[in-house]
Amino acid sequence: MSARWPDAPAAREIVALTACQQAPPIARDTDGVLYLVHLVRVAANGGTPGPFLCGVDRFGPDATSWSIGGGVSGPAVRQGPCPGCVTRWRRDYPGITEVRGSVGAAELMAARG
Ligand SMILES: [Zn+2]
């Protein structure tokens, strides 16, 4: 802890959550294409450490590609909030009420309620 900046968060402290769209799409139907959107922790140093909040290891050998904060969007694309991530968000990060990211963040916030 720095005496010079006593209010500075520790570098590994989690200060925010960000949407993370996982590819490929999980469904294609008449409503369009559905992508699953998870939550990822944002540390005070700007890094996004660890697995998705639901526990899926996004760096594992069987992991699919993903996009932090962005991803595929458009009129025929839907974002599907991961229920496991939303459950962990409510339980472990109740003080964080907004999600970063331009793709899927609004859908995650709506799912949280
Ligand atoms: Zn998830």
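Start with the whole protein chain: buried residues make up 25% of its 113 residues. The model is predicted. Along its principal axes, the C-alpha trace spans about 60 × 35 × 25 Å.

**Stop 1: the layout**

Colour by secondary structure. You should find two helices and five strands. From the N terminus, the order is β-β-β-β-α-β-α. Now turn to the contacts between residues at least 6 apart in sequence. Of these, 70% join residues at least 24 apart.

**Stop 2: β1 and β2**

Select residues 14-29 for β1 and 32-43 for β2. The two strands pair in the antiparallel sense, over 11 bridges. How many residues does the hairpin use to join β1 to β2? Two residues make the link. Pick Asp29 and you will see Gly32 of β2 opposite. Then move along the pair to Ala19, whose bridge partner in β2 is Leu39.

**Stop 3: the other partners of β1**

Keep β1 on screen and add β3, residues 66-68. β1 and β3 pair in the antiparallel sense over three bridges. Gln22 marks the place, standing opposite Trp66 in β3.

Next add β5, residues 99-100. β1 and β5 run parallel and are joined by two bridges. Here the residue to click is Leu17, opposite Val99.

**Stop 4: β2 and β4**

Select β4, residues 77-81. Does β4 run parallel or antiparallel to β2? The two run parallel, with five bridges joining them. Leu36 stands opposite Gly80 in β4.

**Stop 5: the loop at Ser73**

Go to the loop between β3 and β4, where Ser73 sits. Is Ser73 buried, exposed or partly exposed? Ser73 has 14 other C-beta atoms within 10 Å, so this residue counts as partly exposed. The cut-offs that place it there are 20 or more for buried and 12 or fewer for exposed. Now measure across to Leu34. The C-alpha atoms of Ser73 and Leu34 are 9.9 Å apart in space, although the residues are 39 apart in sequence.

**Stop 6: the nonpolar core**

In soluble globular proteins, nonpolar side chains tend to be buried together. Here the largest nonpolar core has 19 residues. Show Ala19, Val37, Leu39, Phe52, Cys85 and Leu108, which touch the most other members. Two or more residues come from each of β1, β2, α1 (83-92) and α2 (105-112). The largest share, six residues, comes from β2.

Stay on Phe52 and leave aside its neighbours within four places in sequence. Phe52 is then in contact with Cys20, His38, Leu39, Val40, Arg58, Cys82 and Cys85.

**Stop 7: the two helices**

Two packed helices are described by the angle between their axes and the distance between the axes. For α1 and α2, the angle is about 65° and the axes are 10 Å apart. Which hand does the crossing of α1 and α2 have? The crossing is right-handed.

Display the contact residues. From α1 choose Val86, Trp89 and Arg90; from α2 choose Leu108, Ala111 and Arg112. Colour these residues by type and you get four nonpolar, no polar and two charged. Leu108 also belongs to the core of the previous stop, and the tour can end on that residue.

Key: Residues numbered from 1 in each chain as written. Predicted model: local features only at pLDDT ≥ 70, side-chain atom pairs only at ≥ 80, totals over all residues. Helix = DSSP H or I, 4+ residues; strand = E, 2+ residues; numbered from the N terminus. Contact = placed C-beta atoms within 7 Å. Pairing = 2+ DSSP bridges. Core = buried A, V, L, I, M, F, W, Y, C linked by C-beta atoms within 7 Å. Axes fitted to C-alpha atoms, helices over the stretch in contact; angles between N-to-C directions. Left-handed = near helix turned anticlockwise from the far one by under 90°. Nonpolar A, V, L, I, M, F, W, Y, C, P; charged D, E, K, R; others polar.
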